[in-house]
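Work through the exercises below with the sequence and the model at hand. Each task is followed by a solution in steps.

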Amino acid sequence: MRKFWKSVVLKIVLALIISVTVVFGITVGGIRLHRLNLSERYNFDYLMGGANKVILFVGDGMGDNHIKVTEAYYEREMFFTSFKKQGHISTASLDVLKSTDSASVATAFATGKKVHNKEISTLNTKELPNITEYLESIGIGVGLVTTDILYSQTIAAYSSHTTNEENVSEIIVDQIRSDVDLFLGSGKSAYSAYKEVILGHGFSYYNNHSKIDITQNKIFGVFNSEEEEKTNETIPSLDVLTKTAIKFMETNYPDGYFLVIECGHIDKMCHNANIFDMMKYLDNFDKAVKDAYEYLKDDKGVSIIVTANHETGGLAYNGETKDQINSMDLITYDGHTLVDVPYYIYFGNDQINQYFLPKVIDNTDIYKICKALLSD
Ligand SMILES: [Zn+2]
């Protein structure tokens, strides 16, 4: 009888180990299971050369429910949900048992590799080549735009390498040395100390958005954040920045460019449990996507990708009306969760439009898609 119970206990322990492996991934004999497999499931070679202009919109913290609640509140559908290719992306980093962070996802987007939380285009001190470096080497212009501070993770992963997102000066120095053609974001006080170095690397430097001359070769636009004192012009909204970025790229790189445009404040407002400002930012994010589409819809070489890095706030939405949204607390958590986040893709090119994209892809696949589209 004792033997029988021993075998039952053994089976339960085995089953538990297998479940943990399947759900979280563990390292066995140096091979990290599950999470790395996610990044090796698909290749997107069939999209090769499908576009010469790609715009990647990243809604930081934007899960499905953020979109649904904003649609209910503003009583309209978000424009980007009309894009034909739709599905979800998995967001896990290599940190088992931790919810993901913006640095690891930004690195997955920029390099196609899974890393640990806080690593910026770097894995265990080894720098990982990012898509910006590849694109610049084949003559494609790159622009990076955010409502957030310019050294924040999404922009940093496309323009620098460091072992920890907190190494701000390392990020800034790398950004100045990078081949990125356009930076637009906040952080005026942090970047002002580097103004001479920025100018020395061929950038035109602006603290005032309305003064930007888009015919300049390289632009560093760094504005007051909304949190900073409003003594000068604060950072313009994302739709305004997006228009400037597209005009700059169309002027300087009419044959091909890659733009990353991030709304960092969907995440920030959820951390602050401020659903109303979250919806305001998401609404403006949608406007930026629509403006980009309207501006470029006659160009068959354009692809627009809308996605998120992770979900923030454990937002609970079950069909509540505008009145109910006004009176209820739908943000349930002050951090990031591990749920899959949506993707929406528009291809101007009819030939690639006929392909079926998998419904659930990995965050590393965003890199593969962008790279394939812009490769010859
Ligand atoms: Zn966050």
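Helices (H or I, at least four residues) and strands (E, at least two) are DSSP runs, numbered from the N terminus. In that numbering, E75 is found in the loop between α3 and β4 (85-90). The model is predicted.

**Exercise 1. Confidence and domains**

Task: State how confident the prediction is, where the pLDDT is below 50, and how the protein is divided into domains.

Solution.
Step 1. The average pLDDT of the protein is 91, and 90% of the residues score at least 70.
Step 2. The pLDDT falls below 50 over residues 25-33. Beyond near neighbours in sequence, this stretch has 15 contacts in the model.
Step 3. The domain assignment gives domain 1 as 1-33 and domain 2 as 45-374.
Step 4. Between the C-alpha centres of domain 1 and domain 2 there are 40 Å.

**Exercise 2. The zinc site**

Task: Find the protein donors of the zinc ion and classify the site by its angles.

Solution.
Step 1. The donor atoms are two OD atoms of D267, together with NE2 of H271 and NE2 of H336. They lie 2.1 to 2.4 Å from the zinc ion.
Step 2. Along the chain, the donors follow the spacing D-x3-H-x64-H.
Step 3. H271 belongs to helix α11 (residues 265-271) and H336 to strand β14 (residues 336-337), so this pair ties together parts that are 65 residues apart in sequence.
Step 4. The angles among the four donor atoms run from 57 to 150 degrees. Four donors count as tetrahedral if all angles lie between 85 and 135 degrees. The site is irregular.
Step 5. With a relative accessible area of 32%, H271 is partly exposed, whereas H336 is buried at 14%.
Step 6. Helix α11 also holds H265, which is buried with a relative accessible area of 3%. H265 and G61 are 204 residues apart in sequence, but their C-alpha atoms are 8.4 Å apart in space.

**Exercise 3. The nonpolar core**

Task: Name the residues with the most contacts inside the largest nonpolar core, and the helix that gives the most to this core.

Solution.
Step 1. The largest nonpolar core has 106 residues. Those with the most contacts inside it are F57, F80, F83, F258, L259, M278 and V306.
Step 2. Helix α12 (residues 275-296) gives the most to this core, with eleven residues.
Step 3. Take F258 as an example. Not counting residues up to four places away in sequence, F258 touches residues including V54, I131, Y158, M249, C370 and L374.
Step 4. In helix α15 (residues 363-374), ten of the twelve residues are buried. C370 and L374 are among them.

**Exercise 4. Helix α3 and two positive phi values**

Task: Decide whether α3 is mostly covered or mostly open, then describe E75 and K118.

Solution.
Step 1. Helix α3 (residues 64-74) is mostly covered, with eight of its eleven residues buried. These are N65, H66, I67, V69, T70, E71, A72 and Y73.
Step 2. The buried residues of α3 pack against α11, α12, β13 (311-312), α13 (322-327) and β15 (341-347).
Step 3. E75 follows α3. Its phi is near 50 degrees, a positive value in a residue other than glycine. At 64% relative accessibility, E75 counts as exposed.
Step 4. K118 is not a glycine either, and has a positive phi of about 80 degrees. K118 lies in the loop between α4 (102-111) and β5 (122-123), and is partly exposed at 31% relative accessible area.

Conventions
Residues numbered from 1 in each chain as written. Predicted model: local features only at pLDDT ≥ 70, side-chain atom pairs only at ≥ 80, totals over all residues. Heavy atoms only, no water. Domains from an automatic or database assignment. Core = buried A, V, L, I, M, F, W, Y, C linked by side-chain atoms within 4.5 Å. Buried < 20%, exposed > 50% of the residue type's maximum accessible area, 1.4 Å probe, protein only. Contact = heavy atoms within 4.5 Å. Donors = N, O, S within 2.8 Å, 3.2 Å for Na, K, Ca; no water. Tetrahedral: all angles 85-135°; square planar, octahedral: opposite > 155°, others 65-115°. pLDDT = per-residue confidence, 0-100.
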